[in-house]
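Here's a quick briefing on how the two chains meet, and on how one of them is put together inside. Have a look at the structure first, then read on.

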Amino acid sequence: MIGTQQSRKNSLTSLILVAVMLAAVVVLDQVIKPTDSMSMLLKVLQKGSIYALAAVSMNLLNGFTGLFSLGHAGFMLIGAYTYAIFTIPSEARDVVYQYYDAAIRISFPEVLGNALGPVGTLVGVVLAVIAAGLAAAVIAWLIGLPVLRLKSDYLAIATLGFAEVVRAVFQWGKLGPVTNGSNPLKSFVRINAFQLKLGGTTISLTTFVPVLLATVCIAFIVLLVNSTYGRSFKAIRDDEVAAEAMGINLARHKMLSFCVSSFFAGVAGAGMAMVLGIAQASNFKSAMTYEILLMVVLGGIGSISGSCIGAMLFIAASEWWLRGLDSGVFLGINAPGIFRNGFRLVVFSVIIMIVVLFFRKGIMGDRELPDLLKKRPGKGAAGK
Amino acid sequence: MSTILKVENATMQFGGVVAVDNLNLEVNEGEIVALIGPNGAGKTTAFNVITGVYQPTNGAVYFQGERIVENHPQGKLKKLYKGEHAGEYTHVLAPTPDHITKLGMARTFQNIRLWKSQTVFDNVLIAMHCRTHANFLAASFRFNRKEEREQRDRVAGLLETVGLYDVRNELATSLPYGKQRRLEIARALATAPRLLLLDEPAAGMNPQETQELTAFIGEIRDSFHMTVFLIEHHMDLVMDISDRIYVLDFGKLIAQGTPEEIQNNKRVIDAYLGVAEDA
């Protein structure tokens, strides 16, 4: 009755926009050659979309449910390893596990690819990605049982500790047959393996795949946040006591949010492995969690589009726009004396400080992109 | 008329302070019952015991004949070594507040606790979540469209009843005080309760607002067939609408009865109401 027509129209519009965006990515993928100077754009899109997914999944927990958790790198690590382990083809396995006797000898894309052809390979990859998410979600459930009783800073410390423990465990030599110890996992299915052969032409889907993965997952999170469960998450964030008194089971809903968030962190970890072509525990330091947290805060806590924008800007700035600051030439200024290794980080930190000073609640606040076009509910009367 | 709420020997002790001391009370279906007493008498603590926020040191609470809260002086899950039940564990029933709300008991708060970042409409809509049947996947993929539409229609109806439909898209915190109180009541009603617990609904209201609220509570009782149990300091309101009154002082029940009986009760006058000539 209320706004159904309007919301249907809105969701149709956003569906069309997303389709256009995905089509544009495919076109870019064909047009830009790896040797072009613009090829960085593709790299940024690949990595940025995966980071956007990680940031949105963190936002679900930190921004929408009000649980300040810093365990994201740990869950991404679990996802990356699960994906890698289940997609390493059998002929490469012994080379990858050179010091160990590989314990898990199944590769989803290979098994299904042999049975069903190229479609089977694709299904196998999708299964491995889902397995990555599920592994992270199951671990999250186990960790959540004791940890979700904690609040604010204590929860952050506990989850941060958990992430460090995971990193140490995955590097443990005794687990070598599964995790390859402290050596990286590689040779598994990467994004450049995705190609579409139509007649004689080959369409590269290298950038399309991570963007699609992130889009589908973020779309699900958007749907969840706007459902009755998402609304209860926000109620828990706003006032836990009132939420409980109104019949919202705190333990269950917090656990749900934690597991869903971790599921998508696991998927983002799998995506990260796909993009980088390597899965190594030492890459998933707590610094990665802070980077993601920074994206969330820059974009706006409680705004999904803000997290996406924050992630894209962060990756673009650190990987592309400010690269020159490290390598001598920036904006045509040739000053190798100043623009050398490490200077980029100095400038980057200053930019972040400026952004935070001028956008107190992040770039988007708690608004979404469509909200920019319409009036805020009761903003005038709310006041400060 | 059957008993909907029964509190039996409830004692709530915080360290050495006995906030509620051996409280016994009953609320019958369709009644409006008030709990009054001076500040610090333990009224809100009694509410918190009934709604499961605190676990009582001793005593039990029955709701619609079902025992929902219980504890024995022996403590939590302690093995009994003496007496006729030696070897058994003491029975502890300590449901969380959300469980009690789902059983059909809803409350408001003394200091308004609305969800600040949500609109008036969403505040009421979220309260209906506890009656949602869809799981999170079904809800995310919108398989619960019909349920959701029903809920939205009910919210609209509820807001119209309490007179907040025009401001449904405002932020809850941007409403004036009296309307925030009304919204809290609407939110509690959205959980489909049979018993409504109001913790000082008229706190901070001027006489006119109080009068409106008095009429409003009566309306709620009649139109929703609701039982109302309330804590209040405004004596006009209490004497106007209550069928029966319980008086607490220092955690102990000192009187109970109809408004006339309470007004003429010597102990109540001494402890709480005071004498008109002194005022």
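Contact here means heavy atoms within 4.5 Å. By that yardstick, 20 residues of domain 1 of chain B are in contact with 14 residues of domain 2 of chain B. Keep in mind that this is a predicted model. Between the chains, 44 residues of chain B touch 33 residues of chain A.

**Confidence**

- For the complex, the predictor reports an ipTM of 0.87 along with a pTM of 0.90.
- Chain B comes out at an average pLDDT of 87, and 90% of its residues score at least 70.
- Looking at the elements of chain B, the lowest mean pLDDT, 83, belongs to strand β5 (residues 66-71), while α3(B) has the highest, 95.
- A general caution: coordinates shouldn't be read in detail where pLDDT is low.

**Two domains in chain B**

- The domain assignment splits chain B into domain 1 (1-104 + 193-279) and domain 2 (112-192).
- Measure from centre to centre over C-alpha atoms and these two domains of chain B are 27 Å apart.
- Together, domain 1 and domain 2 of chain B bury about 1400 Å², with 70% of that on carbon and sulfur atoms.
- What about charge pairing and polar links between these domains? The count of salt bridges is zero, but four residue pairs are in polar contact (both at pLDDT 80 or more).
- On the domain 1 side, α2, β7 (195-199) and α7 (207-224) of chain B each chip in at least two residues.
- The biggest giver on that side is α7(B), with six residues.
- That side of domain 1 breaks down into 11 nonpolar, three polar and six charged residues.

**Where chain B meets chain A**

- About 3300 Å² is buried between chain B and chain A, 61% of it on carbon and sulfur atoms.
- On the chain B side, B:Trp115, B:His129 and B:Phe136 lose the most area to chain A, together accounting for 20% of what that side buries.
- The rule finds two salt bridges across this interface.
- B:Glu148 forms a salt bridge with A:Arg231, where the closest N and O atoms are 3.1 Å apart.
- There are also 14 residue pairs in polar contact between chain B and chain A (both at pLDDT 80 or more).
- Helices α2 (97-103), α3 (120-127), α4 (136-140), α5 (145-162) and α6 (177-190) of chain B each bring at least two residues to the side touching chain A.
- Of that side, α5(B) supplies the largest share, six residues.
- By residue type, the side of chain B that touches chain A has 17 nonpolar, 13 polar and 14 charged residues.

Methods. Residues numbered from 1 in each chain as written. Chains lettered and ligands numbered in written order. Predicted model: local features only at pLDDT ≥ 70, side-chain atom pairs only at ≥ 80, totals over all residues. Heavy atoms only, no water. Buried area = accessible area lost by both parts, 1.4 Å probe. Salt bridge = Lys/Arg side-chain N within 4 Å of Asp/Glu carboxyl O. Polar contact = N/O pair within 3.5 Å; in protein donor to acceptor, adjacent residues only side chain to side chain. Helix = DSSP H or I, 4+ residues; strand = E, 2+ residues; numbered from the N terminus. Nonpolar A, V, L, I, M, F, W, Y, C, P; charged D, E, K, R; others polar. pLDDT = per-residue confidence, 0-100. Domains from an automatic or database assignment.
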